[in-house]
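Student: I should like a close look at a single part of this model. Please give one connected account of it, including how it meets its surroundings.

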Amino acid sequence: MNQEVFAKKRDYLLLLPSLIPLLLLFVYPLLKGFVMTFQQPETAGLTLANYVEFFTNSNYYDTIWRTLYLVVPASIIELFIAFGITYFIREKMRGGGIIAGLTIFPLTLGSIIVDMAVIAFFKPTGWFNTTLINMGLIDEPFTLVYNYAGAFIALVILGTAFIASNLVGMMGTIDPNLERAARTLGASRWVTFKRVFWPLIRSNVLTVFALNLIMQIGVYSTAVIVGNPASETRTFVVVAFEEAMRNFNYNMANTVAIVMGITQLLVLSIVFAIRKRGYIGSASTFK
Amino acid sequence: MKAEKSFPELEKEDGQTVQGNINRKPLRNSRKGLFLQKGYKTSSWALILLFLTIVLGMTIAVVLSAFGEEWYGTFLPQGYTIEWFIKAWQAYEVGEYFKITMGIVLTATVISLVLSIPTVYILARRDFPFKQALISFFQLPFTLPDLLYAIPVASIFYSIGLAETIPGLIIVNLIVGIPFSVFILLPYMESLDPRLEYAATSLGATKFKLFQRIVLPQVVPGITASAINIFIRMFNTFTIILLISGPKTQTLNVMVFSVLQGSGSQPPAMLNSLALTLMIPLLFFSFLSLWVSSFTQRRLGK
């Protein structure tokens with residue numbers, strides 16, 4: 001409908017006001033940052049010393065394992081909770097909208113408030129522990145804050161909200177007639193899910209899963225506020241910030257950032273390799 | 001498999017899987033099918049209740065703690081007060097940081113809109129080689145992890161003296177603001193019908209009239225809504241501000257984060273009320289954006 005006119009030379013000038021700031025503030029730092037990882041703070045020449053340091057000093061290379069150990073199990077659990085809830089409320093039922101809204105609600109709170117809320121609820125004198133003690137289930141309160149568990153819980157709550165917010169829309173785009181057809185042809189609920197619904201939504205679910213996973217690999221404020229950034233939740237970003245803000249070693253900080261970026265790319269490629277082995281395409285036929 | 005066994009005469013007939021599925025139809029009415037369905041329903045409700053209890057419980061807990069007087073060992077606080085908010089706001093000069101943040105974010109929003117609107121217009125109305133590549137380039141800054149450019153930007157800004165200054169903070173917000181405003185304004189611009197402009201020109205409208213009567217009324221609601229979104233987005237910018245902020249030049253959420261990170265000795269109620277302060281501007285702008293969109297919809301009669 002929109003009749004597009006081929007650009008004249010003068011038109012390209014109008015692209016410059018937004019392109020120049022981005023080139024200066026984004027592209028140049030990105031390239032400079034990459035070069036920085038091959039330099040030392042004082043000397044000039046190019047060297048691999050930062051990477052050698054990263055992969056030989058356990059203080060650094062442990063962050064890979066620590067981050068993945070925190071984030072990967074959390075995102076798998078998030079996917080199950082979010083998928084379970086959104087799939088269940090997909091059928092017309094009373095209160096479905098409220099459930100969806102409350103599941104997504106932590107996203108509006110933001111990471112810092114969710115972290116403080118997790119502390120308020122799960123601390124030894126918080127409602128979670130006092131309820132369990134009053135019910136007589138446990139004698140000693142669980143230590144669920146300022147450690148791995150605290151960061152894990154906060155991540156799960158935020159991640160579930162993020163995945164659910166995307167899934168609600170995606171499930172809406174799948175034509176219910178396809179499932180109805182399967183059901184009238186005699187397929188059971190489970191077979192309909194396995195053979196009709198899941199193959200249609202699979203690629204979208206994996207995309208959201210991957211997005212959420214790479215977002216959570218960059219976890220920082222949660223790891224610092226509810227976690228234990230000195231040991232258990234010493235993630236990539238914690239170490240990168242420590243190098244940049246405490247030691248002013250931007251070269252090492254950026255090396256950590258680059259390793260984090262590569263880890264995210266690897267994770268992304270694994271998820272997309274899985275995604276490729278199934279149907280990718282529209283699910284809203286005959287609408 | 002077990003379900004098929006209850007219908008042995010059907011199982012004999014079919015060799016194919018598809019046929020097998022049809023034969024499972026009576027499962028819904030069988031006892032096992034009902035049991036499975038009940039189990040699915042119960043476990044789904046259990047999952048929903050567990051998750052929502054935690055979400056609601058922790059939200060209420062943090063709000064009560066921020067408004068509670070003394071809360072130790074009892075189920076509910078002894079009494080309610082807003083003293084913690086007043087204390088937190090005075091101790092950490094929330095008003096001052098709020099003003100700084102608003103100034104930075106408002107300026108950066110206006111600058112990014114001004115810089116990106118010409119680009120968006122060209123992207124929506126003209127065709128040129130590598131247009132798609134350029135559009136993807138504009139999305140790069142918020143798809144890449146921000147740490148990758150934030151650290152070099154911080155090191156550059158420290159070496160040229162822009163770090164820990166207000167202009168520096170405004171400039172770094174543009175890295176978020178320009179791509180984001182291109183991203184949300186582009187679909188909007190594309191949806192405007194250029195034939196209205198052709199019609200106006202053919203009916204003899206001057207350039208100024210065209211802009212005043214045709215372009216502007218169409219564009220203003222979209223730009224207002226986008227501005228609020230860009231504003232909220234910038235309000236939440238965190239990583240890069242944290243890296244280049246100084247003690248007196250930081251935004252509200254970076255200040256709150258620094259306080260929460262460093263002070264174990266403060267009463268938790270005060271820290272909770274400080275964290276909840278972050279909600280106020282965001283709630284305000286969410287309502288504002290809802291109001292603007294409903295207002296413009298009423299005006300345009302859509």
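Tutor: The part chosen here is domain 1 of chain A, in what is a predicted model. Chain A is divided into two domains, with domain 1 spanning residues 14-47 and domain 2 spanning residues 59-276.

The annotation record offers a starting point. The unreviewed UniProt entry marks "transmembrane region" at residues 12-31, 68-89, 96-122, 142-164, 205-226 and 255-274 of chain A. In the model, residues 12-31 of chain A are 90% helix and 0% strand, and 25 Å separates the C-alpha atoms at the two ends of that stretch. Another of the annotated stretches, residues 96-122 of chain A, is 96% helix and likewise 0% strand; its end C-alpha atoms are 27 Å apart.

Next comes the relation between the two domains. The C-alpha centres of domain 1 and domain 2 of chain A are 32 Å from one another. Contact between them involves seven residues of domain 1 of chain A and six residues of domain 2 of chain A. Together the two domains of chain A bury about 510 Å², and carbon and sulfur atoms account for 64% of that area. On the domain 1 side, 73% of the area buried against domain 2 of chain A is supplied by Met36(A), Thr37(A) and Pro41(A), a share that exceeds that of any other three residues. By class, the residues of domain 1 of chain A that touch domain 2 of chain A comprise three nonpolar and four polar ones, with no charged residue. The polar contacts across this interface of chain A number three residue pairs, both partners being at pLDDT 80 or more, while the count of salt bridges between the two domains of chain A is zero.

The contact of chain A with chain B completes the picture. There, 78 residues of chain A are in contact with 86 residues of chain B. The area buried between chain A and chain B is about 7,400 Å², with 78% of it on carbon and sulfur atoms. Helix α2 of chain A, residues 16-36, gives the most to the side of chain A that touches chain B, contributing 15 residues. That side of chain A contains 58 nonpolar, 14 polar and six charged residues. Between chain A and chain B the count of salt bridges is zero, and the polar contacts come to two residue pairs, with both residues at pLDDT 80 or more.

Methods:
Residues numbered from 1 in each chain as written. Chains lettered and ligands numbered in written order. Predicted model: local features only at pLDDT ≥ 70, side-chain atom pairs only at ≥ 80, totals over all residues. Heavy atoms only, no water. UniProt positions renumbered as here; feature names shortened; annotations may be inferred. Helix = DSSP H or I, 4+ residues; strand = E, 2+ residues; numbered from the N terminus. Domains from an automatic or database assignment. Contact = heavy atoms within 4.5 Å. Buried area = accessible area lost by both parts, 1.4 Å probe. Salt bridge = Lys/Arg side-chain N within 4 Å of Asp/Glu carboxyl O. Polar contact = N/O pair within 3.5 Å; in protein donor to acceptor, adjacent residues only side chain to side chain. Nonpolar A, V, L, I, M, F, W, Y, C, P; charged D, E, K, R; others polar.
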